[in-house]
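Biologist: Please take a close look at the residues in chain A that have a positive phi without being glycine, and say where they sit and how enclosed they are.

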Amino acid sequence: MTIDPTPSLVARRRFLSRIGLATCAGAITGAGALGLARKVCAKTEAPAAGASFPTKDYDWTQHQWAFGVDATKCIGCLRCVEACKNENHVPGNAHQFRTWVERYVYIEGEQRARIDSHQDPVNIAASGSQKEYRFADRYKGEKVEKAFFVPKLCNQCEHPACVQVCPVGATYKTKDGVVLIDDKRCIGCRYCVQACPYGARYFDEERGVPDKCTWCYHRITKGLQPACVEACPVGARVFGDLRDRESRVSLFVRNNRLQVLRPESGNAPQVFYVGIDKEVN
Amino acid sequence: MESLIHFAPYVGWVYPNETVVEWTILLAVYPYLTGLVAGAFTVSSLYQVFGFERLRPVAHLALLTSLCCMLFVPLPLLLHLGHPERAFNAMITPHLTSAMAMFGFFATFYVVLLMLEIWFAYRPYIVEQARKRNDLMGKVYKVLTLGSYDVSEEALRVDQKWVFWLAVIGIPGAHGLHGYVGFLFGSLKSREWWSSDLMPVIFLFSAIISGVSLLIVLYVVSCKVRKVAIDVGCIKGLAYTVWAFIMVALLLEALEFANIVYKGREGVDMIMEYVTGPLLVPYFVLQFGIGAVTPLLILSYMIWRHTTGRALVFGVTLSASLVLLSVFMMRWNVVIGGQEISKTGKGLLTYFLPILGQEGLLVALALTLAPLAVLLGMIKLFPPWHDKAGHAVMAAS
């Protein structure tokens with residue numbers, strides 16, 4: 001049986017042209033996907049535009065704020081927590097904090113530290129109020145081998161997971177290194193609360209938006225120190241501008257071996273710790 | 001401000017801000033509904049695209065079910081938002097690095113696709129009703145014709161082509177939408193219980209089994225209510241579908257759990273304490289034992305013994321109901337479970353489900369059942385039945 005070659009040729013040509021079309025379409029889709037992937041993977045978020053913010057005489061391109069915590073100095077007095085609550089109108093309850101202090105206690109014969117914070121019911125009972133904080137003397141009579149306090153706050157990460165996941169861009173990284181929340185834009189989905197590996201965010205039910213430490217952005221842009229730093233009686237909290245080589249925080253960074261919390265998260269936290277232990281995360 | 005009444009009790013060490021569980025039961029209802037959408041659509045596609053003739057009696061019902069569930073998907077999210085009036089910010093100014101930003105676009109795309117497919121599938125029926133009826137419903141059908149009264153053979157052929165291609169596009173559409181919901185959780189590195197590459201696939205397969213199961217229940221109930229014979233071939237086809245997908249779903253879940261345990265990263269001790277303690281009943285007993293393994297065994301037995309007739313219908317419907325429970329428990333165990341394990345990896349929280357309130361049990365139940373109520377209306381407007389009692393015109397499509 002003879003086969004007429006023409007239809008086969010035509011079919012082949014048609015087949016090839018279709019393959020060509022499909023390849024082109026594939027290439028365009030691929031290139032588009034690559035572009036999108038780059039955008040999505042972008043580690044550094046584009047900071048909000050504008051040279052001066054939030055005040056006319058403040059240029060956020062001229063500062064690089066950083067925060068240091070010397071855990072060896074902290075005495076767990078919790079003045080910082082109360083100062084923060086007052087300064088930033090944080091709800092007066094034992095469940096929502098912009099900053100908090102953790103207590104790590106190693107009892108003789110135990111493998112792991114006992115950890116608590118001032119929000120623990122035992123400590124709240126000791127203070128007698130959800131608005132005032134103190135650490136109860138709950139390990140009286142125990143043989144304590146080692147104990148220390150660790151102040152915690154938002155790490156203002158270089159690659160913040162909260163900024164990455166915000167569906168409307170309401171939470172953003174400023175040029176001077178602080179993560180802020182635009183509460184007029186936020187839809188209140190709380191994805192950022194879930195994404196933060198440090199538990200730094202809480203949801204303010206009254207305002208319908210999340211809230212977190214901003215290193216007292218309203219103060220630092222006016223040349224003041226964050227409220228917690230100012231309230232700390234022992235200098236355990238250190239704040240300043242890394243652009244100024246003689247600032248307290250620059251010296252703190254230069255003169256100490258530093259640690260950050262959960263470095264494996266890839267978030268690159270910007271709160272630097274001295275004197276924390278292996279169990280702190 | 002007074003103390004929050006819904007703070008979660010805890011054991012061990014948890015971050016202070018974690019003592020309020022932020023994603024409630026509504027966030028479990030959301031993926032449940034999306035899953036039903038994807039699963040129901042799978043059934044319609046198996047018929048429309050892959051030519052599974054057995055599934056013909058439920059093909060149109062599947063489309064309507066998918067749409068009805070989809071209409072309610074955004075509602076649990078809206079009820080949960082702190083500022084629902086700003087919800088459209090996510091579409092007007094989406095932040096592209098966010099996994100959540102695309103939801104509005106995906107959902108809109110899919111709803112439009114479903115409505116188009118239903119319109120093409122029902123066009124002959126709509127035209128017929130528009131011509132036949134003079135009452136108010138007649139007017140409704142007239143509007144629904146969108147001015148197109150051509151039901152010539154050529155026009156119907158074009159309609160069928162549209163239905164086919166929309167179903168083809170709908171497969172990645174529906175499954176993409178649901179895989180994407182899995183990604184919302186799986187892409188978060190803050191929680192070991194969520195952070196998994198397998199999460200989107202697990203969500204997808206559980207979605208398929210839930211949607212198919214819902215159709216089984218709906219089909220059987222509708223036949224009983226309408227007093228028509230149940231098409232055993234169709235039930236068998238659906239049962240095979242559930243059986244096949246449940247195997248994959250179970251395997252994936254097992255892989256996921258094995259990965260967490262075997263990798264044994266930081267916090268695994270707490271996870272083990274959790275799954276063998278508070279999660280024992282919801283996870284091992286309800287989700288796996290009663291909800292997945294039992295239906296798998298029942299279905300396997302019936303396939304092996306060539307069960308047919310009433311026994312088959314009963315067994316399959318029972319299995320389907322169990323699967324529906326299992327998949328809801330899976331959503332619950334992911335969403336609530338993830339938050340009950342502290343980010344510290346050193347403590348466990350307890351979420352209490354309120355009965356009343358915006359994010360309570362009653363609202364969640366209403367949201368889960370609402371699509372079925374709308375479906376009741378929808379099947380009046382677009383009868384999906386293919387049997388003799390159903391409308392004759394459906395036989396043409």
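Modeller: What follows takes the two residues in turn and then turns to chain A and to confidence. This is a predicted model, in which local features need pLDDT of at least 70 and side-chain atom pairs count only at pLDDT 80 or more, while totals for chains, interfaces and linings use all residues. Residues are numbered from 1 along each chain as its sequence is written, and chains are lettered from A and ligands numbered from 1 in the order in which they are written.

A:Arg190, which is not a glycine, has a positive phi near 70 degrees, and it lies in the loop between β6 (179–181) and α5 (191–195) of chain A; here helices (H or I, at least four residues) and strands (E, at least two) are DSSP runs numbered from the N terminus. A:Arg190 counts as buried because 21 other C-beta atoms lie within 10 Å, the cut-offs being 20 or more for buried, 12 or fewer for exposed and partly exposed in between, with C-beta atoms placed from the backbone.

A:Cys216, also not a glycine, has a positive phi of about 50 degrees and is placed in the loop between β8 (209–211) and α6 (217–220) of chain A. A:Cys216 is buried because it has 23 C-beta neighbours inside 10 Å.

As for the surroundings, chain A has eight helices and ten strands, and 41% of its 281 residues count as buried. The model as a whole scores ipTM 0.92 and pTM 0.89.
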